[in-house]
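Please open the structure in your viewer and keep the selection tool at hand. The tour below proceeds stop by stop, with a selection to make at each one.

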Amino acid sequence: MSKHRVSRRQFLNYTLTGVGGFMAAGMLMPMVRFAVDPVLKTSAAGDFIATKQKVAELTNEPVRVDYSYEQKDAWYTSEVTHTAWVYKNKEGNIIALSPVCKHLGCTVNWAGDKNNPNKFYCPCHGGLYEKNGKNIPGTPPTAPLDTYPTKEKDGILYLGQPEPNKYVK
Ligand code: FES
C-alpha cells in the first residue's frame with residue numbers, strides 16, 4: 001500500500017475541480033472565439049476594387065475617378081469612398097495616382113492652379129506635382145504621389161491599394 005493515500009475529501013475536491021474546469025473551458029471557448037474572430041479574419045485589403053470608369057474612355061488627360069467599397073474593421077462595417085486621378089500615358093498604359101498630398105495629406109487636383117495647367121496642384125500650401133506624380137522641388141511636398149495598381153476586367157477599371165510611385169525615376 002502507498003503511504004500517500006488520497007482521502008475521500010481530496011478525491012472529491014480533485015474530481016470537482018477537474019470537472020468544473022472542463023465545464024468552464026467549454027463555456028468560455030465560444031465566448032473567446034466570438035470576441036477574437038473578426039480580428040483574426042483575413043481582410044480583402046489586397047483585392048482590386050471595381051470603379052465605374054470605362055477603360056476605353058480614358059485619354060491622356062487625367063480624370064477624377066471616385067469609387068466606394070465596404071470596409072470591415074473588426075465588428076464595424078462602413079462604406080468607404082476613395083479617389084484616383086487616372087489617365088493613359090504615351091505607351092497606352094493606365095496610370096492611377098493617389099490624390100493624397102505627400103506634404104500634409106490634402107487632396108490634389110489636376111490643373112487646379114491656372115498658372116500651372118499641366119500639373120497636379122495642392123491648394124493647402126501650393127504643392128505641385130508633375131503629371132506622373134513627381135513632386136516639384138521648391139514646393140512643400142517631399143515625395144511623389146502614390147499610385148494604384150490597375151487592372152481591366154470587362155472594359156471596367158479596377159484599382160488596388162496605393163503603393164509608392166514607380167513611374168518617377
Ligand atoms: S498639404 Fe499639400 S502642400 Fe501642404
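The stops that follow concern two sheets, their hairpins and a nonpolar core in a predicted model.

**Stop 1: the sheet S2-S3-S4**

Begin by selecting strand S2 (63-73), strand S3 (residues 76-88) and strand S4 (94-97). These 3 strands form an open sheet in the order S2-S3-S4, and the pairing is antiparallel. S2 and S4 stand at the edges with a single partner strand each, so one side of either strand has no neighbour in the sheet. On average, neighbouring strands here are turned by 35° against each other, direction ignored. As general background, the strands of a sheet pair through backbone hydrogen bonds, in either a parallel or an antiparallel manner.

Next, display S2 together with S3. Over how many bridges do S2 and S3 pair? The two strands are joined in the antiparallel sense over 11 bridges. To see one such position, select tyrosine 69, whose bridge partner in S3 is valine 80.

**Stop 2: the hairpin of S2 and S3**

Move to the loop between S2 and S3, where alanine 74 is placed. The hairpin has 2 residues between its strands. Alanine 74 has a positive phi of about 55°, although it is not a glycine. Most residues other than glycine have a negative phi. Is alanine 74 buried or exposed? It counts as exposed, because 12 C-beta neighbours lie inside 10 Å and a residue with 12 or fewer falls in that class.

**Stop 3: from S3 to S4**

Now follow S3 towards S4. These strands pair in the antiparallel sense over 4 bridges. Select tryptophan 85 to find its bridge partner in S4, leucine 97. Then select valine 86, which stands opposite alanine 96 in S4. The hairpin of S3 and S4 has 5 residues between the strands, and glycine 92 takes a positive phi near 85° there.

**Stop 4: the largest nonpolar core**

Several residues from the previous stop should remain selected. The largest nonpolar core has 19 residues. Among those with the most contacts inside it are Val86, Ala96 and Leu97, and Ala84, Val108, Phe120 and Leu159 also belong to that group. Which elements give two or more residues to this core? They are S3, S4, strand S6 (120-122), strand S7 (127-129) and S9.

Select phenylalanine 120 and display its surroundings. Leaving aside neighbours within four places in sequence, phenylalanine 120 is in contact with Trp85, Val108, Asn109, Trp110, Tyr129 and Leu145.

**Stop 5: the sheet S1-S9-S8**

Turn to the other sheet of this tour. Its 3 strands form an open sheet in the order S1-S9-S8, with antiparallel pairing. Strand S1 (49-54) and strand S8 (150-153) are the edge strands; each has a single partner strand, so one side of each is left without a neighbour in the sheet. Neighbouring strands of this sheet are turned by 35° against each other on average, direction ignored.

Select S1 and strand S9 (residues 156-159), which pair in the antiparallel sense over 3 bridges. Isoleucine 49 has leucine 159 as its bridge partner in S9. Leucine 159 is also one of the residues with the most contacts inside the largest nonpolar core.

**Stop 6: two residues of S1**

Select alanine 50, which is found in strand S1. Which residues does alanine 50 touch, not counting those up to four places away in sequence? The contacts are Ile156 and Tyr158. The C-alpha atoms of alanine 50 and isoleucine 156 are separated by 7.2 Å, although the two are 106 residues apart along the chain. Alanine 50 counts as partly exposed because it has 16 C-beta neighbours inside 10 Å.

Continue to lysine 52, also found in strand S1. With 10 other C-beta atoms within 10 Å, lysine 52 is exposed. Its C-alpha atom is separated by 8.7 Å from that of tyrosine 158, which lies 106 residues apart from it along the chain.

**Stop 7: the loop between S8 and S9**

Finally, select aspartate 154, which lies in the loop between S8 and S9. Aspartate 154 has a positive phi of about 50° although it is not a glycine. With 8 other C-beta atoms within 10 Å, aspartate 154 is exposed.

Terms used
Residues are numbered from 1 along each chain as its sequence is written. This is a predicted model: local features need pLDDT of at least 70, side-chain atom pairs count only at pLDDT 80 or more; totals for chains, interfaces and linings use all residues. Two strands pair if DSSP finds at least two bridges between them. Axes are lines fitted to C-alpha atoms, for helices over the stretch in contact, and angles run from 0 to 180 degrees between N-to-C directions. A residue is buried if 20 or more other C-beta atoms lie within 10 Å of its own, exposed if 12 or fewer, and partly exposed in between; C-beta atoms are placed from the backbone. Two residues are in contact if their C-beta atoms, placed from the backbone, lie within 7 Å. A nonpolar core is a set of buried Ala, Val, Leu, Ile, Met, Phe, Trp, Tyr and Cys residues joined through C-beta atoms within 7 Å.
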